[in-house]
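Q: Please take a close look at one part of this model, the loops that link its secondary-structure elements, and set what you find there against the chain as a whole.

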Amino acid sequence: MTWKISFYNEKVEKQTLSFPVGILANLLHILDLIKEFGPNLGRPHTAAMGKGLFEIRAKGKEGIARSFFCSTKGNEIVILHSIIKKSQKPPKKDFNLATKRMKELKGGKKNE
């Protein structure tokens, strides 16, 4: 079963694909795994954040990045927001933005 990966909007796609080279290489590897096996890879690749929100955990020599995502109908995940990690927990504003986008996406409203 093949999974499709999309981005919430062009800004999120550009933000995600502009990660430093080492982190981006790891992220692309994880996305390939998701396409083949689905998003429930578990740690260290993916983790549940609660209420239908998940994260991809990409590491590289430059640091660690997080890409928040949710699944939609069928075999598709949507990357909602991506950040370079600077603390143990994701900043509340980033978590809230990803949650807001997930609600908009699942509710059929997309403002950005």
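A: A residue is called buried when its relative accessible area is under 20%, exposed when that area is over 50%, and partly exposed in between. In this predicted model, Asn75 has a relative accessible area of 28% and is therefore partly exposed. Asn75 sits in the loop that joins strand S4 (63-72) to strand S5 (76-84). Its C-alpha atom lies 9.0 Å from that of Lys35, although 40 residues separate Asn75 and Lys35 along the chain.

A second loop, between S2 and strand S3 (53-60), holds Lys51. Because its relative accessibility reaches 84%, Lys51 counts as exposed. The backbone of Lys51 also deserves attention, since its phi is near 55 degrees, a positive value in a residue that is not glycine.

A third loop connects helix H2 (21-37) with strand S2 (46-50), and Pro44 is found there. The peptide bond that leads from Arg43 into Pro44 is cis, with an omega near 10 degrees.

These loops belong to a protein chain with three helices and five strands, whose elements follow the order β-α-α-β-β-β-β-α from the N terminus on. Among the contacts of the chain with a separation of 6 or more, 51% are made by residues 24 or more positions apart. As for overall dimensions, the C-alpha atoms fill a box of roughly 40 × 35 × 25 Å along the principal axes. The radius of gyration of the chain is 13 Å, which agrees with the value near 13 Å that a compact globule of 112 residues would have. Of the 112 residues in the chain, 38% are buried, while the chain exposes about 6700 Å², of which carbon and sulfur atoms supply 56%.

The surface of the model also offers pockets to examine, and the largest pocket has a volume of about 200 Å³. It is lined by 10 residues, and those closest to its centre are Met49, Glu55, Gln88, Lys89 and Pro90. By residue class, the lining of this largest pocket divides into five charged, three nonpolar and two polar residues.

To return to the loops, the close look gives a partly exposed Asn75, an exposed Lys51 with a positive phi, and a cis peptide bond from Arg43 to Pro44.

Note on methods. Residues numbered from 1 in each chain as written. Predicted model: local features only at pLDDT ≥ 70, side-chain atom pairs only at ≥ 80, totals over all residues. Heavy atoms only, no water. 1 Å grid on protein atoms, 1.4 Å probe; cavity = no way out; pocket = protein on both sides within 12 Å on 5 of 7 lines; lining within 4 Å. Points joined across faces, edges and corners; volume = space filled by probe spheres on them. Nonpolar A, V, L, I, M, F, W, Y, C, P; charged D, E, K, R; others polar. Helix = DSSP H or I, 4+ residues; strand = E, 2+ residues; numbered from the N terminus. Rg over C-alpha atoms; globule rule 2.2 N^0.38 Å. Buried < 20%, exposed > 50% of the residue type's maximum accessible area, 1.4 Å probe, protein only. Contact = heavy atoms within 4.5 Å. Areas by Shrake-Rupley, 256 points an atom, 1.4 Å probe, with all protein chains shown as cover.
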